[in-house]
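Student: Could we take a close look at a single part of this protein, and could you walk me through it slowly?

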Amino acid sequence: MKIGIDLDGTAWDHRELFRDLILGLQNTGHQVGILTAHVNLIYQDLDLWSKRRFPAPDFYCSKKSGEESIPSKEWKIKAAKELGLDYIFDDFDTRNIQLVRIGNE
């Protein structure tokens, strides 16, 4: 499986849970990475990810300049499909984390 995890409201707010989940998934051969609506923050995001002791992500995907006006949920679903993700964990700015199935829909 290939799984994307949001940062704000998700991984950042539930660090221990997502650290353990990522490690377990990666140790069993799954790809787990970052899917965020941040724009031009790759270096800051990856630095904070490392400082917060998350396992190295298998990929990083974020909005590009010019995509700021696209609603986060719409952009993330489209990006997840383009990346071939099977699932994403995201709160979509609601503080209620959802597991969304992307693949095989």
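Student: Across which strands does helix α4 (residues 72–83) lie, and at about what angle does it run to β2?

Tutor: Please keep in mind that this is a predicted model. Helix α4 lies across β1, β2, β3, β4 and β5, and it runs at about 145 degrees to β2. To picture what lies beneath that answer, consider the strands themselves, which form an open sheet of five with the order β3-β2-β1-β4-β5 and with mixed pairing. The edge strands are β3 and β5 (98–101), each of which pairs on one side only, and neighbouring strands of this sheet are turned by 25 degrees against each other on average, direction ignored.

Let us now go through some of the pairs. Strands β2 and β3 (residues 60–63) run parallel and are joined by four bridges, and within this pair L35 has C61 of β3 as its bridge partner. Between these two strands the chain passes through α3, and the resulting β-α-β crossover is right-handed. In the loop between β2 and α3 sits N40, a residue other than glycine whose phi is nevertheless positive, near 60 degrees; because its relative accessibility is 54%, N40 counts as exposed. Strands β1 and β4 also pair in the parallel sense, over three bridges, and here I5 is matched with F89 of β4 as its bridge partner. The loop between β4 and β5 holds F92, which is not a glycine but has a positive phi of about 45 degrees, and which is buried, with a relative accessible area of 11%.

Another helix, α2, touches several of these strands. Helix α2 (residues 15–27) has 13 residues, which at 1.5 Å a residue should span 18 Å, and its end C-alpha atoms are indeed 18 Å apart, so the two values agree. Its buried residues are F18, R19, I22, L25 and Q26, and, seen down the axis of α2, the buried residues fall within an arc of 140 degrees, so they line one face of the helix. On the other side of α2, E16, L17, D20 and N27 are exposed. The cover over the buried residues of α2 includes the strands β1 (2–5), β2 (31–39) and β4 (87–90), together with the helices α1 (7–11) and α3 (42–51). After α2 comes G29, whose phi is positive, near 95 degrees.

Conventions. Residues are numbered from 1 along each chain as its sequence is written. This is a predicted model: local features need pLDDT of at least 70, side-chain atom pairs count only at pLDDT 80 or more; totals for chains, interfaces and linings use all residues. Side-chain values use heavy atoms; hydrogens and water are left out. The expected span of a helix is 1.5 Å times one less than its number of residues. Buried means under 20% relative accessible area, exposed over 50%, partly exposed in between (1.4 Å probe, protein chains only). The arc is that of the directions from the helix axis to the C-beta atoms. Contact means heavy atoms within 4.5 Å. Two strands pair if DSSP finds at least two bridges between them. A crossover is right-handed if, with the strands pointing away from the viewer, the path from the first strand over the helix to the second runs clockwise. Axes are lines fitted to C-alpha atoms, for helices over the stretch in contact, and angles run from 0 to 180 degrees between N-to-C directions.
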